[in-house]
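Reader: I should like a close account of how the interior of this model is put together. Please proceed from the packing of the side chains to the sheet, and then to the empty space that remains.

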Amino acid sequence: RPEIENGLNREKLKSLLPSGCARNAIDCALWDLEAKAAGRPAWELAGLPAPGPVTTAYTLSPDAPAAMAAAARDAADRPLLKLKLGGADDIERVAAVHAAAPAADIIVDANEAWTPDMVAPLSRRLAGLGVTMIEQPLPADADRALAGIDHPVPICADESCHAAADVPALADRYDIVNVKLDKTGGLTEAIDLVAAARTAGLGLMVGCMVGTSLAMAPAALLAGAARYVDLDGPLLLARDRAPGLRYDGSRLQPPTPEVWG
């Protein structure tokens, strides 16, 4: 777009493109450009604490319980596993993974696949299997029902939360919000979303879509403030970009300027 070539800034970008992947790519490129031009790290320009190493979840794709158990055994040394679920047989899937990797903490992503009557009983049963968070159990357009449902396992908004303006409507339905830069439209809006979530008393998760290290690096600046970090995108690729982020197992090291920022 000609606006970009003519020196578009990040605030103006928010009015030109909606939240989403395209704005995220441009917003984070502008942060990188500003950091390199100033000779200062992006976290400093953003007024954020210096990033440090964080433990990321490692995602297991939905499959039959036996197949998920086999994948869990291969990843049993990872401290945090994220299980993608789909409604039917979810308890069996989680039980199989828990038995195969008993030392790992488990979080689950229901992917909007549950109905309101499933939330309370599944939450109780998952609590007994070591699950510490349930992500987006109901469709975003039907999540009002969560306000009246008892749930011993904290519930995290994903598809229901894109930007800071979404937060006020979520505080009585969720305990945590998942901050993904591909949803917010970049680091600029993600910083505002983090602030809004804190004001509302909601916990934080920093997540991702599948992508290379370049997509994970800006989100790593927010990871230190999060209860849960899910920035394993490069670990799920056959090949990452070079240079890339450094992962020591599930321990993600901060981005270097050669990668981003």
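**Core, sheet and empty space**

Author: In this predicted model, Val 108 touches Leu 83, Leu 85, Val 94, Leu 126, Val 131, Met 133, Ile 134 and Glu 135, leaving aside residues up to four places away in sequence. Val 108 is also one of the residues with the most contacts inside the largest nonpolar core, a group that further includes Leu 81, Leu 83, Leu 126, Leu 222, Leu 231 and Trp 260. That core has 71 residues. A second core, separate from it, consists of eight residues, among them Ala 57, Ile 107, Cys 156 and Ile 176. In soluble globular proteins, nonpolar side chains tend to be buried together.

The sheet is the next element to consider. It is open and has eight strands in the order 2-3-4-5-6-7-8-9, with parallel pairing. Strand 2 (58-60) and strand 9 (228-229) stand at the edges, and each has a single partner strand, so one side of each is left without a neighbour in the sheet. Strands of a sheet pair through backbone hydrogen bonds, either parallel or antiparallel.

Several of these pairings can be followed residue by residue. Strand 5 (residues 131-135) and strand 6 (residues 155-157) run parallel and are joined by two bridges. Ile 134, already named as a contact of Val 108, has Ile 155 in strand 6 as its bridge partner. Further along the order, strand 7 (176-179) pairs with strand 8 (residues 203-206) in the parallel sense over four bridges. Here Ile 176 stands opposite Gly 203 in strand 8; Ile 176 is also one of the members of the second core. Strand 8 is in turn joined to strand 9 by two bridges, again in a parallel run, and Val 206 stands opposite Val 229 in strand 9.

Two loop residues offer a contrast to the core. Thr 115 is placed in the loop between strand 4 (105-109) and helix 7 (116-127). Its relative accessibility is 35%, so Thr 115 counts as partly exposed. Pro 168 is found in the loop between strand 6 and strand 7. With a relative accessibility of 65%, Pro 168 counts as exposed, because the cut-off for that class is over 50%. Distances place these loop residues relative to other parts of the chain. The C-alpha atoms of Thr 115 and Val 167 are separated by 22 Å, with their positions 52 residues apart along the chain. For Pro 168 and Gly 148, which are 20 residues apart in sequence, the C-alpha to C-alpha distance is 17 Å.

There remains the empty space. Rolling a probe the size of a water molecule over the atoms shows where empty space is left. The largest pocket holds about 180 Å³ and is lined by 14 residues, with Leu 48, Pro 49, Arg 198, Leu 221 and Ala 225 lying nearest its centre. Helix 9 (residues 187-199) provides the largest share of this lining, namely four residues. By class, the lining comprises 11 nonpolar, two polar and one charged residue.

The second largest pocket has a volume of about 160 Å³. It is lined by 13 residues, and those closest to its centre are Asn 24, Ala 25, Cys 28, Ala 29 and Leu 214. Helix 3 (21-38), helix 8 (181-184) and helix 10 (213-220) are the elements that each give two or more residues to this lining. The largest share, six residues, comes from helix 3. The lining of the second largest pocket divides into 10 nonpolar, one polar and two charged residues.

Enclosed space is counted separately. One cavity of 30 Å³ or more is found, and the largest cavity contains about 70 Å³. The residues that line it are Asn 24, Lys 180, Leu 181, Asp 182, Gly 207, Cys 208, Met 209, Ala 215, Met 216 and Ala 219. Helix 8 and helix 10 each supply at least two residues of this lining, and helix 10 gives the most, with three. Six of the lining residues are nonpolar, two are polar and two are charged. Asn 24 therefore belongs to two linings, that of the cavity and that of the second largest pocket, because a lining residue is one with an atom within 4 Å of a point of the space concerned.

Conventions
Residues numbered from 1 in each chain as written. Predicted model: local features only at pLDDT ≥ 70, side-chain atom pairs only at ≥ 80, totals over all residues. Heavy atoms only, no water. 1 Å grid on protein atoms, 1.4 Å probe; cavity = no way out; pocket = protein on both sides within 12 Å on 5 of 7 lines; lining within 4 Å. Points joined across faces, edges and corners; volume = space filled by probe spheres on them. Nonpolar A, V, L, I, M, F, W, Y, C, P; charged D, E, K, R; others polar. Core = buried A, V, L, I, M, F, W, Y, C linked by side-chain atoms within 4.5 Å. Buried < 20%, exposed > 50% of the residue type's maximum accessible area, 1.4 Å probe, protein only. Contact = heavy atoms within 4.5 Å. Pairing = 2+ DSSP bridges.
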